[in-house]
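I set out to record what I looked up in this structure, entry by entry. The topics are internal space, surface, burial and charge pairing.

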Amino acid sequence: MKITKIGEFEELVLMTVIVLQEEAYGVAIKKELEARLSTSISVGSIQSALKRMEGKGYLESQFGAATAKRGGKRKRIYSATQAGESVLLQMKAIRNGLWNSMPPLALDFKL
Amino acid sequence: MTHKPIPDIPPKWPLRLLRFFLKDSYLEEIEGDMEEIYQENLTHFSPKRSRFLYSLEAVKLLRPSLIKHISSPTSLINASMFKHNFTIAFRHFRRYKTSFLINLMGLSTGLACFILIFLWVQDEWRMDKFHTNDAQLYQVMVDLGNGSSTSTNTAGPVGAGLVADMPEVLAAVTARTKSINSNTLSIEDTHLRAKGLFASEDFFRLFSYDLLEGTIDQTLTDIASIVISESLAQRFFGQSSDVVGKQLVLEQEHNLMITGVFKDPSRHSSLQFDYVLPFKAWSSENTWVNQWGNRHPQTFLLMDEQVDMEAFNTKIANYLSVKMGGEETENSLFAVKYSDNYLYGNYEGRTQSGGRIKYVWLFSLIAVFILLIACINFMNLSTARATRRQKEVGIKKSLGAHRFSLVMQYLSESTFITILSLLLSLFIVLFFLPEFNEITGKQLRLTWDLGLFKFLLGTVLLTGLLAGSYPAFFLSKLKPISIIKGKLNGVGGALWLRKGLVVLQFSLSIILIASVWVVYQQIQFTQTQNLGYKRDNIILFEKEGRMEDVENTQSFLAEMRRIPGVLATSTIDNTLTYSDWSINSVQWPGKSPDDRSAFELVQIDYGMIELLGMEMIAGRTFSEQFRTDSTGLIFNEAAIRLMGLEEPVGMQLDMWNGTFEIIGVVKDFHFESFHKKVKPLVMYLGDHGRYIMVKVDGQRTEQTLGQLHTLYQTSNPGFSLDYSFLDEDYAALYVAEQRVSMLSRYFAGLAILISCLGLFGLAMFTAAKRRKEMGIRKILGASAYHLVRLLSDDFTKMVLLSIFIALPISYFMARAWLEGFAFSISLQWWYFVGAGLLALLIAWLTVGLQMANATRLNLVECLREE
């Protein structure tokens, strides 16, 4: 099976899109990831990842509602495509496989 | 200090930034996100911090994947767009032939000039750098200790001494490279004249004059050997192989064996010679050169690769003193890279003070300057008639063309014109190359190699982009609305800039015209001024072979006098072109003891003064009637003035520890170029002079010379008469000035051409701008003449300004140049005013043509342009 490439950050963003469902737009994705990763992320990196994946065909988007909070500008709501979902599952399967093959790590090793 | 209250809204500039760079389809979403985040931040942070974060986010949004055009496959490479632009450009050229041709001419002249100068500069850089050992090749210089004099004449033993005493020196060559004399070489009955030098054994080891025959170790070891060039071998034997081992005779005296053949020195070698003789052949007959205290030959070193030259130079500074047994001497040694000496050959003491490099810089600067002016003219002309292309721009923009694509279109158009200009300029270069080579004394060629191609490509791109940048950006800025409304009428663009440029160009032209005239006058002066002797129809040749024997000379002279075409002949020890020998031991009554004034010392034989037509202002010339003339002296006026003698004739004075009597005073004559004042000179009687002069009858020169040749062959077998005309020798003194004269004439012509082009462009522009005004005036009854006057007045003022700026500058430049001459013309006011008037005339002509055209307006048409 051919593995199509997806970066670590892109994978995180893609998963966040699926998690947020109808609320998956730029600012929400940013806040969700910042909370989970405990680090600040710039709008630029999120947008870059979103556009790239859209280009690769893992995401699709459409305009949502405009609110006064955004100065009258509409949001773009993203959702994963079939291809996007399948690539996530592929990556998950590969990782599981590797984890199963690993010798026991000193995970409980306490200094 | 009160701060402005920080507003609650985000700053404007980040949005503008985003709108400029990011893809349009992303803008709404991203701007919305930015706004939302800003509002949120305001609840957590201060307004100041929120604004800062906002700007930060904007900057971080500038990523390749979000920026417009980079990933867009359209605009640049679309084939049909390309074809369309091409067609438009072509139509434009055909429709407006004049401006197209002017642009073409201007650019190609500029490019041709640039290329020629580039070739020259490249050649200069390459001189002497072709030797394989170049990185390790050094020459020994002598600092004469008075802070400002340096010489390449070193003591004979220095080379060998340094090799023996200094481990850093791998090998050395002692050679006489400054005295490359012309001599006669003979093999049986073939006699050829050739130039050569003396060099020690390692000559071919250090320098890359490739040996076609013979080995480096054996060529200069034997004292009776000679190494000849390929072309010399061809001239003797018709071949250049199997020549080693043959015998030839030098100056009918020395029998030498050919030990090798070398390839002719390339044109990049500053040393040009046909043969090499071993240095010991010369030093054995001039043993004084082997002393540490004397200086004559040049010394070259092959240094070890790793040597620190600074340390080495400190080490050898006192070398001479050490070798002379601790004797005090002011001379200290230092070594410099051999190939540097061509361009950086001037030294003051131990410090490098320029040399030919200043000409390289000067001409490079001139080349860039000329190209720049051509580019600026192009810009001027292209924007001046922008009205023509307004409609095209307007329509394209309203149909949705990006400004960027318009810019690209105009840039590629100007690059296309530049490429055409380049092709034309290459033809111009090829055409002028022979003459250029003559002026510069080089053999430059357009070699079609990769280096030249890269250079030309780079030049074209740079010029095209530079010249086309302003028009491209300017034209694409036009707003469609204004065009359609018809508001634009011959667009603005800094008028003062254009005018300033034309003034600059004209000032330059005037300076050049004036300089050309001044240089021409000075050269005429040097050629026509009375030198104090008559130099026409006199030939000069050096004594050689049998002639070196005085008896033979005298009988030869007697024989010559029998030829009807020979009017007079005698011997002299000076060529009348440079200062040769001087003496400072002349003792006259009243001379102060520490006066060491030098007198030029010239030995002449009977009849020489009459031959040269010199004027005696007191006393008489040497005459056979007076036996005592062997202790007679003739001084020139300058000498008498120096000595302060009232009644010189008949006075006794001491010279060379003997007593002499002054028998006459000769009027001052120039024995050097006009650069130098006439020095004091003393002549004494003798027949050992090295040169023979013959005055021939001007009516029968050919015949007489033929007879002289024959006579010479019989009197001096094996040698051919190698003479030169005295007036040619004299003219040769001014070679540098002749070159300056030629070059300045070309540059003046070039400057005028470019200035006229610039002026023409400006005239067209002004005419276009003032069309309506002219139209109305014409309706109200103005005559054509009146209109032309009106339009030209502006330009007259500009040219007058140029004259005003240029005249003082050219006056000072001329004065400075003439100061290099001890004898010069006086600067007449009309030289400069004439140049100014000429410029004015040219300007009127240029403008007038354009204006006359402009006034033939169709009134209805120009007023209709709303």
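The entries below follow that order.

**Entry 1: status of the model.** I note at the outset that this is a predicted model.

**Entry 2: cavities.** I searched for enclosed space and found 4 cavities of 30 Å³ or more. I then turned to the second largest cavity, which holds about 70 Å³ of space. Which elements of chain B each supply at least two residues of its lining? I recorded three helices, α5 (97-126), α13 (357-384) and α24 (735-769). The largest share, 5 residues, comes from α13(B). Among the lining residues I listed B:I102, B:L107, B:F378, B:L381 and B:L757, together with B:N103, B:N377 and B:N380. The glycines B:G106, B:G758 and B:G761 also belong to this lining. By class I counted 6 nonpolar and 6 polar residues, with no charged residues.

**Entry 3: the second largest pocket.** I next examined the second largest pocket, with about 1500 Å³ of space. Of its 42 lining residues, the closest to the centre are B:N181, B:S182, B:N183, B:E251 and B:E542. Several elements of chain B each supply at least two lining residues, including the strands β4 (181-187), β5 (190-199), β9 (254-262) and β15 (538-542), and the helix α9 (279-283). I found that β5(B) gives the most, with 4 residues. The lining of this pocket has 17 nonpolar, 12 polar and 13 charged residues.

**Entry 4: a nonpolar surface patch.** On the surface I located a nonpolar patch of about 640 Å². I recorded its members as B:W517, B:Y520, B:W829, B:W830, B:V833 and B:L837. Both α18 (495-528) and α27 (829-855) of chain B supply at least two residues each, and α27(B) gives the most, with 4 residues. I checked B:L837, which lies in helix α27 of chain B. B:L837 counts as exposed because its relative accessible area is 52%, and the cut-off for exposed is over 50%.

**Entry 5: a buried alanine.** Is B:A472 buried or exposed? I found B:A472 buried, with a relative accessible area of 0%. B:A472 sits in helix α16 (residues 450-477) of chain B. Its C-alpha atom is separated by 9.4 Å from that of B:M379, 93 residues apart along the chain.

**Entry 6: salt bridges.** A search over all chains gave 23 salt bridges. In chain A, I looked at A:E32 and A:R36, whose closest N and O atoms are 2.9 Å apart. Both residues lie in helix α2 (residues 26-37) of chain A, 4 residues apart, about one turn of the helix. A:E32 is partly exposed at 22% relative accessible area, whereas A:R36 is exposed at 60%.

In chain B, I recorded a salt bridge between B:R19 and B:E31 (3.0 Å, N to O). This pair links distant parts of the chain, with B:R19 in helix α1 (residues 13-21) and B:E31 in helix α2 (residues 24-44), 12 residues apart. B:R19 counts as partly exposed at 42% relative accessibility, while B:E31 counts as buried at 7%.

I also noted the salt bridge of B:D629 with B:R620 (3.0 Å, N to O). Here B:D629 is buried, with a relative accessible area of 1%, and B:R620 is partly exposed at 26% relative accessibility. Last, I recorded a network in which salt bridges with shared partners join A:E10, A:R52 and A:K56.

Methods: Residues are numbered from 1 along each chain as its sequence is written. Chains are lettered from A and ligands numbered from 1 in the order in which they are written. This is a predicted model: local features need pLDDT of at least 70, side-chain atom pairs count only at pLDDT 80 or more; totals for chains, interfaces and linings use all residues. Side-chain values use heavy atoms; hydrogens and water are left out. On a 1 Å grid over the protein atoms alone, a cavity is a set of points where a 1.4 Å probe fits but cannot get out, and a pocket is an open set with protein on both sides within 12 Å along at least five of seven lines; lining residues have an atom within 4 Å of a point. Grid points are joined across faces, edges and corners, and a volume is the space filled by probe spheres set on the points. Ala, Val, Leu, Ile, Met, Phe, Trp, Tyr, Cys and Pro count as nonpolar, Asp, Glu, Lys and Arg as charged, and the others, Gly among them, as polar. Patches are made of residues with over 30% relative accessible area and no salt bridge: like charges are joined within 9 Å, nonpolar side chains (Val, Leu, Ile, Met, Phe, Trp, Tyr) within 5 Å. Accessible areas come from the Shrake-Rupley method with a 1.4 Å probe; for residues, only the protein chains shown count as cover. A salt bridge is a side-chain nitrogen of Lys or Arg within 4 Å of a carboxyl oxygen of Asp or Glu. Buried means under 20% relative accessible area, exposed over 50%, partly exposed in between (1.4 Å probe, protein chains only).
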